Amino acid sequence: SSGINAEYGWSKYLLSLGDGDLAVLPDPERFAELGDGAPESFQTFAADCYDAYNRFEVVKAEDSVGFVKLGMSPKKQHEVSVMGNMVGGILAEQNIHQIIDFGSGKGYLPEHISLTSPTVQVLGLDRQEINTKGGTRRNLLMERLWRPLFKKAYPNTLAPDTLNHYFPLTLELTEDHISPDFVTQISTASQNHISPAPTMLVGLHACGDLTSLLLQTFLACPHLQSIVSVGCCYHVITQRERSIHYMTEGEHKPTPLSNPDSIHAYPMSAYLKQDPVYFTRNALCIASQAPEKMASLRKLPEKNLFYRAVFQVLLLDNFVKPSAMNVGSSATHATDFVSYSKLALAKLGIESELTDEQIMAYYNRFTGSDERKLHVFYQLRTALTRVIEGLFLLDRILYLRDNGMGSVVSRLFDPAISPRCYVLVANKSSKDL
């Protein structure tokens, strides 16, 4: 009875919020502030969400000296400049002169480090040939334009004499690379662009399981002295528990590493293996949300969110449940529910004899109070993003500790600009971090 009353109290309170307060609900700091006048259990919940967000040290985001933003989006500019500054500081402190950047994409980060740290050899690895070729083209362009771009960005500063020591290479990291000879193998593959010497391993938004694989490779190879890694894409992380309740084949895009028996699968740490917490597909997607960015827009969810919810009822009422339920972005630009439903049905390969009036009847049935309830539910669940993400970060910290390695996780990026904002740093010369 008390549980039912508590739930009713939450619902009544949240439905009473104005659009402005509801729009900023996902932001952990604003969420905690909304506790006034709320049920006590809700205030406790809000405080716990804030603690999950605030548990990691905030690194002062400082731009790199010599940063040139050619071809980068504002988000990428922020990430490359700030992370480049952190990496440069660690390189100098640890006296390391080689970097291997996994998932380097078009090479924005490794090239920036190469241009601003001329004594450092930088190897950028990416599994997609198109990214490597793009990195090569941009590299040639930057070699020609870097000095005039630097002068334009820093008119009162003399451009340093520098050579571009960035080399892009197509290579996919697999479990075969978890070896003491990793740097030697990569040296051979890169035609000796780097040598078997102290090296830093870097991953800027290493997708899904790649972050775990980077940590294992780091521990296995004695030449890898430091690691600086920002993870992302929790929705494609492999979990050891693969029962239908948590994850089934077809519910997510398979990755080359999606074997639940792999040594990299979540959880990795001894502690969480003993008492594991697994996540449903929905929970993994929540961990990949952008709560601070959503709140900064000060807008309620787009109409398509409501369209998708109503479409689900229409789908299950009138058709056999399809094997795949993902309509993707095919109906994003629909102007009304009827056009949305037709586009979504086409995406799912379903032929329909429903009339426009029958389709619209579903919309009319739920619009109004049910749409408001959906907004409340969606905003409230997004407030859990940092809680779920925090457990993945904890697992990685504990895994390194299991192997005698200290580490630090900090909030590096502005989360309203780059939602996956946490960086993990470990140095073998500083095991007690």
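Good morning. A helix axis, as I shall use the term, is a line fitted to C-alpha atoms, for helices over the stretch in contact, and angles run from 0 to 180 degrees between N-to-C directions. With that in hand, let us turn to the structure, which is a predicted model.

I begin with helices α14 and α15. Their axes come within 9 Å and cross at roughly 110°. Angles of 65 to 115 degrees count as roughly perpendicular, and so α14 is described as roughly perpendicular to α15. Which residues meet here? On the α14 side they are Phe 337, Val 338, Ser 341 and Lys 342, and on the α15 side Asp 356, Ile 359, Met 360, Tyr 362 and Tyr 363. By character, this contact divides into six nonpolar residues, one polar and two charged.

Let us stay with α15, which spans residues 356-366. Ile 359, Tyr 362, Tyr 363 and Phe 366 are buried in this helix. Why do they line one face? Viewed down the axis of α15, the buried residues fall within an arc of 95°, so they line one face of the helix. A general rule is helpful here: an α-helix has 3.6 residues a turn, so residues three or four places apart point the same way. The buried residues of α15 pack against α13 (303-318), α14 (337-347) and α16 (369-382). On the other side of α15, Glu 357 and Arg 365 are exposed. Just after the helix, Gly 368 takes a positive phi of about 105°.

My second pair is α5, residues 74-94, and α6, residues 108-116. The two axes come within 9 Å and cross at roughly 50°, which makes α5 oblique to α6. The crossing of α5 past α6 is right-handed. From α5, the contact involves Lys 76, Val 80, Met 83, Gly 84, Val 87 and Leu 91, while α6 contributes Tyr 108, Leu 109, His 112 and Ile 113. These residues divide into seven nonpolar, two polar and one charged.

How much of α6 is covered? Eight of the nine residues of α6 are buried. Among them are Pro 110, Glu 111, Ser 114 and Leu 115.

I close with a single residue, Glu 292, in helix α12 (residues 291-297). Is Glu 292 buried or exposed? Its relative accessible area is 4%; since buried means under 20%, Glu 292 counts as buried. Leaving aside residues up to four places away in sequence, Glu 292 touches Asp 27, Pro 28, Tyr 53, Arg 386, Pro 415 and Ala 416.

Thank you for your attention.

Methods. Residues are numbered from 1 along each chain as its sequence is written. This is a predicted model: local features need pLDDT of at least 70, side-chain atom pairs count only at pLDDT 80 or more; totals for chains, interfaces and linings use all residues. Side-chain values use heavy atoms; hydrogens and water are left out. Buried means under 20% relative accessible area, exposed over 50%, partly exposed in between (1.4 Å probe, protein chains only). Helices (H or I, at least four residues) and strands (E, at least two) are DSSP runs, numbered from the N terminus. The arc is that of the directions from the helix axis to the C-beta atoms. Contact means heavy atoms within 4.5 Å. Angles under 35 degrees count as roughly parallel, over 145 as roughly antiparallel, 65 to 115 as roughly perpendicular and the rest as oblique. A crossing is left-handed if the near helix is turned anticlockwise from the far one by less than a right angle, and right-handed if clockwise. Ala, Val, Leu, Ile, Met, Phe, Trp, Tyr, Cys and Pro count as nonpolar, Asp, Glu, Lys and Arg as charged, and the others, Gly among them, as polar.
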